[in-house]
Amino acid sequence: MSFSTVIPTLSRPRDVQVAEIGINTLVLRSRTWERLKFEVEYGRQRGTTANSYLIQAQHTALIDPPGESFTQIFLEELQKHQDLGKLDYIIFNHVNPNRMATLKVLMEKAPQVKIVCSKPGANVLKNTFPDWESKIQLVRSEDTLNLGGGHELQFVTVPTPRWADGMCTYDVATRILYTDKLFGVHVCSDVLFDEDWKQLDGDRRYYFECLHATQAKQVEAALDKLAPLKAKYYAPGHGPIVRYSLSRFTYDYRQWCQEQKNQELRVALLYASAYGNTATLAQAIAQGLIQTGVAVESINCELAEPSEITRAIEACDGFIIGSPTLGGHAPTQIQTALGIVLSAAAKTKLAGVFGSYGWSGEAIDLIESKLLDANYRLGFNTIRIRFSPTEFTLQQCQDAGAEFAQVLKKKKKLRTPRQALTAAQVDRTEQAVGRIIGSLCVISTRRGDSHSGILTSWVSQATFNPPGLMIAIAQDQNADAMIHPGDQFVLNILKEGRNLRRYFSYHSTPGDNPFAQLTTKTANNGCLILCDALAYLECTVQQRTECGDRWLIYATVDKGEVLEPTGVTAIQHRKSGSHY
Ligand SMILES: Cc1cc2nc3c(=O)[nH]c(=O)nc-3n(C[C@H](O)[C@H](O)[C@H](O)COP(=O)(O)O)c2cc1C
């Protein structure tokens, strides 16, 4: 699904709209009519509201104060409605680092306040403000907080990869469910409720796709937990309060989650992020994938169990790993995830690497080199972003996600056309293709002191001038020393009757030295010549083209020699075109 950008017609200064939405309950909507930030989720450019709620019963609670973009105007407005010296609780359905600036000022003006949040939220708070430990009241699912006057608050934790500390708060008196990230939308207007909900469809869907599509499984689990509460209103962190379209919107969430699960292609997006930069890149990449019709399973490696990573890696068609560099390394959780990937992901799975770094970026290089060494193919050029992303670099990430999705789709298409043929037809076609013959050759390549040899019969002359040849090679043949322009190799053309092929296979195995038992000499380009071959050619790779499940390598011949003038070329005869 793609979304066009909707530009708002109104532009007004930021303000805070206040209204009563239930007994003893106010909403304070900090509003901006312009795009708040350049992150993808604000891409529709319809402004947004940061919704906070104030319950004034025998005890008072402020729910979800806004981020620092609104600190000053929000506090000015709040003080018109609440004596901060008498505020009892601040409830965080999610401890957003952005909200800290507002919280800090609030705590100066209301030192008596208790901060209520989930355990992961409390950890974030304690790290930032170690002195506040005694002010934090940690809550779990099914805990309650009684504000008096029937306002019993029930807490439901709804952790997701993106918001590990996520929580919803339900007020029994008003049947308002404070949903924070769930059921929101980035739209600014004077309308408090969702009476025009049909007009919000596109924006709601866009918000879901940006924030929740990559965590559909956890969102479904959250919906299950929230269903028994029988809420009358959803009071989200952004956009209108959901009153008229509550059941429809809940149904939409279920549908959208299901759609993600039903997508044919799936990408596991593994990342860690200490300060949020790599996470922001991950979201932009995910957005590019989702908008190109590929499901994304987002895994925050800091929170995931190894078994969860293994399952996601086995179930995906491609995987992408993102990491910051900290102290010259990838975080331990990323190193663990990389180990799992290398052992569990089939080599045919498409891979991608990205990360934010400060000055050296070792983590990104490490992940990339490990994946390339293991012969994974990359679906986009590795993304390296210094510190925080910009609007431009986020667009790059989105484009990379879309590119990755296209490569996956192309791969899938290539795997499917056979289905159009009947089994008998396939068989006949394969037999016919198998009648194509080729000379049996051993390609020898060199990396430093290590020599590799690959058996092939998929070679043919391609040009007279310069003398050039074409070789088809697959990703899983471990032929990475001969796939880049400038790479050099020797093509040893084998002789009929001398069984050299038994020393080699169609794949090279790193570490093996099949030449050890054979007589060889070194070519000018450093690769090995088999002295018992019929002839050899020293070649340089000029071009590589992706064709179906192979790369076509075009190489020019720098030098060649016939070693056995009376010999005959060994030929690979086959019965079927479905294998070598
Ligand atoms: C304690 C610390 C150590 C860091 N070490 C490195 C480093 O060795 N090399 C580097 O390129 N950047 C280093 N950085 C910069 C981070 O990689 C950079 O801030 C990055 O944006 C963090 O990504 P994140 O927000 O996803 O955690 C370091 C940053 C911190 C705070």
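How many bridges join strand β20 (residues 441-447) to β21? I'll get to that in point 2, after a quick look at the whole chain.

1. Overall picture. Bear in mind that this is a predicted model. The protein chain has 12 helices and 29 strands, and its C-alpha trace spans about 105 × 50 × 40 Å along the principal axes. Of its 580 residues, 43% count as buried. If you take contacts between residues at least 6 apart in sequence, 72% of them join residues at least 24 apart.

2. The β20-β21 hairpin. Back to the opening question: 7 bridges join β20 to β21, and the two run antiparallel. One facing pair to look up is Arg446 with His451 in β21. Only a short link is needed here, with 2 residues between the strands of the hairpin, and Gly448 in that turn shows a positive phi of about 60°. As for β21 (residues 450-456), 6 of its 7 residues are buried, so the rest of the structure largely encloses this strand.

3. Strand β3 and its two partners. β3 (residues 48-56) has 8 of its 9 residues buried, so it too is largely enclosed by the rest of the structure. It runs antiparallel to β2 (residues 25-32), with 8 bridges joining the two; Leu26 has Leu54 in β3 as its bridge partner. β3 also pairs in the antiparallel sense with β4 (residues 60-63), over 4 bridges. There, Ile55 is partnered by Ala61 in β4. β3 and β4 make a hairpin with 3 residues between them.

4. The five-stranded open sheet. Here 5 strands line up as β8-β9-β10-β11-β12, with mixed pairing. β8 (144-146) and β12 (233-236) are the edge strands; each has a single partner strand, so one side of each is left without a neighbour in the sheet. From one strand to the next the twist averages 25°. Within this sheet, β9 (residues 152-157) and β10 (residues 167-171) pair in the antiparallel sense over 5 bridges, and Leu153 sits opposite Asp171 in β10.

5. The annotated domain. UniProt, in an unreviewed entry, lists residues 267-405 as "domain: Flavodoxin-like". In the model that stretch is 47% helix and 22% strand, and its end C-alpha atoms are 9 Å apart.

6. Phe404. This residue lies in helix α11 (residues 391-415). Is Phe404 buried or exposed? It counts as buried, because it has 24 C-beta neighbours inside 10 Å and 20 are enough for that label. Setting aside neighbours within four places in sequence, Phe404 is in contact with Val267, Leu289, Gly318, Ile320, Leu350, Gly352, Gly379 and Phe380. For Gly379, the C-alpha to C-alpha distance to Phe404 is 4.8 Å, although the two are 25 residues apart in sequence.

7. The ligand shell. Which residues come nearest to the ligand? Of the 18 around it, they are Tyr275, Asn277, Thr278, Pro324 and Gly358. Two elements, α7 (277-291) and β16 (350-357), give two or more residues to this shell. By residue type the shell divides into 7 nonpolar, 11 polar and no charged.

Key. Residues are numbered from 1 along each chain as its sequence is written. This is a predicted model: local features need pLDDT of at least 70, side-chain atom pairs count only at pLDDT 80 or more; totals for chains, interfaces and linings use all residues. Two strands pair if DSSP finds at least two bridges between them. Axes are lines fitted to C-alpha atoms, for helices over the stretch in contact, and angles run from 0 to 180 degrees between N-to-C directions. UniProt positions are given in the numbering used here, feature names are shortened, and annotations may be inferred rather than shown by experiment. A residue is near a molecule or strand if its C-beta atom, placed from the backbone, lies within 6 Å of it. Ala, Val, Leu, Ile, Met, Phe, Trp, Tyr, Cys and Pro count as nonpolar, Asp, Glu, Lys and Arg as charged, and the others, Gly among them, as polar. A residue is buried if 20 or more other C-beta atoms lie within 10 Å of its own, exposed if 12 or fewer, and partly exposed in between; C-beta atoms are placed from the backbone. Two residues are in contact if their C-beta atoms, placed from the backbone, lie within 7 Å.
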